[in-house]
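Trainee: I should like to learn how to read the features of a protein model. May we take them one at a time, beginning with the sheets?

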Amino acid sequence: MQIGIVEDEAVWRDKIQDVIEKYCRDKNIVFQINTYSNGKDFMKNAGADLLFLDIELGEEEDGFEIAENLMNGGSQCKICFLTSHTEMARLGYRVNAFRYIDKKHLEEIDEALDFFLKTRIQDRVVYCHGTDGIQIKINLNELLLVETSGRKLRYLMMDGSEHLCEGRISEAAQSLSQFGFFHIQRSYIVNLKYINEVNSREVTLCNGIKVVIGRAHGQEFKKEFFKWRMWFDN
């Protein structure tokens with residue numbers, strides 16, 4: 001994961017970098033951080049998956065303008081604006097900002113990184129052991145749901161294909177949760193990305209499959225689904 005930091009004050013650059021490095025090490029994430037004191041130097045490279053960008057830079061540089069240039073140039077990097085003046089955040093609609101980080105609350109960086117990793121689901125794969133002992137590669141972007149099937153797990157893909165694998169659903173739910181999947185009831189894990197409809201009792205996936213929401217999971221599901229839609233549903 002390539003992370004960029006554009007901040008004209010060295011003290012803040014170091015603080016932000018320390019928070020990101022600790023997060024990535026704690027999560028065992030392979031990462032590279034590049035820091036810049038101004039937008040011009042960053043734009044010469046413009047290589048980042050996630051950019052932490054100060055709104056008010058020195059030398060009359062404008063963070064919003066830098067973000068607009070990135071967007072107009074077709075960059076796919078997500079932008080987290082850094083600011084000491086949260087009232088400026090309302091202007092970020094122009095550039096579809098990913099998050100806003102109040103410099104007084106740098107702990108918000110951890111949450112931003114959590115959500116960013118979920119947006120990278122399309123780049124993720126997991127491996128499971130098939131019933132014949134062969135290792136199977138699962139593309140998470142194409143995975144609709146996981147359900148128990150006897151003592152096995154059935155991985156149902158978007159194209160209708162399926163893989164029957166060894167494993168426990170609780171362990172699968174734990175490993176998939178960071179990528180936008182939710183253990184919605186005892187027997188099912190669903191991809192939040194492919195939920196079309198929700199009511200108090202069940203969800204309807206994009207292919208018409210209905211899954212009942214478990215009582216023990218209802219409140220947590222509502223919270224996670226709301227956050228997912230708020231940040232990632234365009």
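Mentor: Two strands are said to pair if DSSP finds at least two bridges between them. Please keep in mind that the model shown here is predicted. Strands of a sheet pair through backbone hydrogen bonds, either parallel or antiparallel.

Trainee: In which sense do β13 and β14 pair, and over how many bridges?

Mentor: Strand β14, residues 202–205, pairs with β13 in the antiparallel sense, and three bridges join them. Within this pairing, I195 stands opposite L205 of β14. The sheet to which they belong is open and has three strands, in the order β13-β14-β15, with antiparallel pairing. β13 (195–198) and β15 (210–212) are its edges; each has a single partner strand, so one side of each lacks a neighbour in the sheet. From one strand to the next, the twist averages 25 degrees.

Trainee: What is the order of the strands in the sheet of five, and is the pairing parallel or antiparallel?

Mentor: That open sheet runs in the order β2-β1-β3-β4-β5, and its pairing is parallel. Its edge strands are β2 (32–36) and β5, each of which pairs on one side only. On average, neighbouring strands here are turned by 20 degrees against each other, direction ignored. For a single pairing, consider β1 (residues 2–6) and β3 (residues 50–54), which run parallel and are joined by four bridges. There, G4 stands opposite L51 in β3.

Trainee: Let us turn to helices. How should I read which way their residues point?

Mentor: An α-helix has 3.6 residues a turn, so residues three or four places apart point the same way. Helix α1 may serve as the case: its 17 residues reach 24 Å from the first C-alpha to the last, close to the 24 Å expected at 1.5 Å a residue.

Trainee: Which residues of α1 are buried, and which are exposed on the other side?

Mentor: The buried ones are W12, R13, I16, I20, E21, Y23 and C24. Viewed down the axis of α1, the buried residues fall within an arc of 160 degrees, so they line one face of the helix. On the other side of α1, V11, K22, R25 and D26 are exposed. A10 also lies in this helix, which spans residues 10–26, and A10 is partly exposed at a relative accessible area of 39%. In sequence, A10 and T35 are 25 residues apart, while their C-alpha atoms are 9.7 Å apart in space. Just after α1, N28 takes a positive phi of about 55 degrees.

Trainee: How many disulfides are found in the whole structure?

Mentor: The search finds one. The cut-off to remember is that the two cysteine sulfur atoms must lie within 2.5 Å. The disulfide joins C128 to C165, with 2.3 Å from S to S. It links distant parts of the chain: C128 belongs to strand β6 (residues 125–129) and C165 to strand β10 (residues 162–165), 37 residues apart. Both C128 and C165 are buried.

Trainee: Why does C77 not form a bond with C80?

Mentor: The closest cysteine sulfur to that of C77 is in C80, at 9.8 Å, which is too far for a bond. C77 counts as buried, at 13% relative accessibility, whereas C206 is partly exposed, with a relative accessible area of 32%.

Trainee: Finally, how is a pair of aromatic rings described?

Mentor: Such a pair is described by the distance of the centres and the angle of the planes. The count here comes to five aromatic pairs. One of them is F64 with F81, an edge-to-face pair at 4.9 Å centre to centre and 65 degrees between the planes. F64 lies in helix α3 (residues 63–72) and F81 in strand β4 (residues 78–83), so this pair ties together parts 17 residues apart in sequence. Both F64 and F81 are buried.

Trainee: How are the rings of F81 and Y100 arranged?

Mentor: Their centres are 5.8 Å apart and their planes stand at 20 degrees, so the pair is stacked. Y100 lies in strand β5 (residues 99–102) and F81 in β4, so the pair ties together parts that are 19 residues apart in sequence. F81 is buried, with a relative accessible area of 0%, while Y100 counts as partly exposed at 27% relative accessibility. Ring pairs thus link F64, F81 and Y100 into a cluster.

Note on methods
Residues are numbered from 1 along each chain as its sequence is written. This is a predicted model: local features need pLDDT of at least 70, side-chain atom pairs count only at pLDDT 80 or more; totals for chains, interfaces and linings use all residues. Side-chain values use heavy atoms; hydrogens and water are left out. Helices (H or I, at least four residues) and strands (E, at least two) are DSSP runs, numbered from the N terminus. Axes are lines fitted to C-alpha atoms, for helices over the stretch in contact, and angles run from 0 to 180 degrees between N-to-C directions. Buried means under 20% relative accessible area, exposed over 50%, partly exposed in between (1.4 Å probe, protein chains only). The expected span of a helix is 1.5 Å times one less than its number of residues. The arc is that of the directions from the helix axis to the C-beta atoms. Rings of Phe, Tyr and Trp (its six-membered ring) pair if their centres lie within 6.5 Å; planes under 30 degrees apart count as stacked, over 60 as edge-to-face and the rest as tilted.
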